[in-house]
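Visitor: I'd like a close look at one part of this protein, the place where charged side chains pair up. Could you walk me through it and then show me how it sits in the rest of the chain?

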Amino acid sequence: QVQLVESGGDLAQAGESLTLSCAGSGPIFSGLSVGWFRRPPGKGREFVAVISSSTSTGNINYADSVKGRVAIARDDAKNMVYLQINVLKPEDTAVYYCAADLDPRGYGYYVHEYEYWGQGTQVTVSS
């Protein structure tokens, strides 16, 4: 079983940066790919970023809407995955979720591809 806990969500001003953290537990976490999704107010969950397991493809990918402003990274020694969001915009306001995929290759771009989910952390960006 894998458990995921997000943290780092906050109220921020447009133009600032935030780093979200995802703490994973369970012996298989380092072998999973991990994605970040977000759910803007009144909308469904949307893909933000994904990173493969460190021993797999090395793939990292980002949604076009955030490309150039976000960076995903993992620290397997700490069972952590991070999402840094730079130059925050009001449209980044959402609940951010991390999710783990049993497929280690890091090609999961859809909600249904992920087996494990955290509870989410709220990011609110004011203009």
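Guide: Start with Arg-38 and Asp-92: their side chains form a salt bridge, with 2.9 Å from N to O. Arg-38 belongs to strand E4, which covers residues 33-39, while Asp-92 sits in the loop between strand E8 (80-85) and strand E9 (94-101), so this pair ties together parts that are 54 residues apart in sequence. Both partners are tucked away, too: Arg-38 is buried, and Asp-92 is buried as well. Keep in mind as you look that this is a predicted model.

The general idea will be familiar from the bench: side chains of opposite charge can pair when their charged atoms come close. Here the count comes to 6 salt bridges, taking a Lys or Arg side-chain nitrogen within 4 Å of an Asp or Glu carboxyl oxygen as the test.

Now for two other pairs. Lys-67 and Asp-64 meet through their side chains at 3.3 Å, N to O. Of these two, Lys-67 is partly exposed, at 46% relative accessible area, and Asp-64 is exposed, at 67%. Then there's Asp-103 with Arg-105, a salt bridge of 2.8 Å, again N to O. Asp-103 has a relative accessible area of 27%, which makes it partly exposed, and Arg-105 is partly exposed as well, at 43%. Back at the pair we began with, there is a wider group: Arg-38, Glu-46, Arg-69 and Asp-92 are joined into one network by salt bridges that share partners.

Follow that network outwards and you can pick up some of the surroundings. Glu-46 is a member of the network, and strand E5 spans 46-51, with the loop between E4 and E5 holding Gly-42. Gly-42 is out in the open, exposed at 88% relative accessibility. Pick Tyr-62 as a landmark and you'll find its C-alpha 22 Å from that of Gly-42, with their positions 20 residues apart in sequence.

Arg-69, another network member, is in contact with Gln-84, and so are Leu-18, Thr-19, Val-70 and Ala-71, leaving aside neighbours of Gln-84 within four places in sequence. Gln-84 itself is in strand E8 and is partly exposed, with a relative accessible area of 34%. Check its distance to Thr-19 as well: the two are 65 residues apart along the chain, yet their C-alpha atoms are separated by 4.2 Å.

The loop that carries Asp-92 also has Val-87 in it, between E8 and E9. Val-87 is not a glycine, but its phi is positive, at about 45 degrees. That residue is partly exposed, at 47% relative accessibility. On the other side of E8, in the loop that links strand E7 (70-75) to E8, you'll come across Asn-79. Asn-79 isn't a glycine either, and its phi is positive at about 55 degrees.

For the Arg-105 end of things, try Ser-52. Ser-52 lies in the loop between E5 and strand E6 (60-62), and at 2% relative accessible area it is buried. Arg-105 is one of its contacts, along with Leu-32, Ser-33, Thr-57, Gly-58, Asn-59, Arg-74, Pro-104 and Gly-106, not counting residues up to four places away in sequence.

Zoom out and here's the setting for all of this. The chain has 0 helices and 11 strands, so reading from the N terminus you go through β-β-β-β-β-β-β-β-β-β-β. Its radius of gyration is 13 Å, close to the 14 Å that the globule rule gives for 127 residues, so the chain is as compact as a globular protein of that length. Along the principal axes, the C-alpha atoms fill a box of roughly 40 × 25 × 25 Å.

Buried residues account for 44% of the 127. Of the contacts between residues at least 6 apart in sequence, 60% join residues at least 24 apart. On the outside, the chain exposes about 6,100 Å², and carbon and sulfur atoms supply 50% of that. As for charge overall, there are 10 positive and 13 negative charges, and their mean positions are 3 Å apart.

Notes. Residues numbered from 1 in each chain as written. Predicted model: local features only at pLDDT ≥ 70, side-chain atom pairs only at ≥ 80, totals over all residues. Heavy atoms only, no water. Helix = DSSP H or I, 4+ residues; strand = E, 2+ residues; numbered from the N terminus. Buried < 20%, exposed > 50% of the residue type's maximum accessible area, 1.4 Å probe, protein only. Rg over C-alpha atoms; globule rule 2.2 N^0.38 Å. Contact = heavy atoms within 4.5 Å. Areas by Shrake-Rupley, 256 points an atom, 1.4 Å probe, with all protein chains shown as cover. Lys, Arg positive; Asp, Glu negative; His and termini not counted. Charge placed at Lys NZ, Arg CZ, Asp CG, Glu CD.
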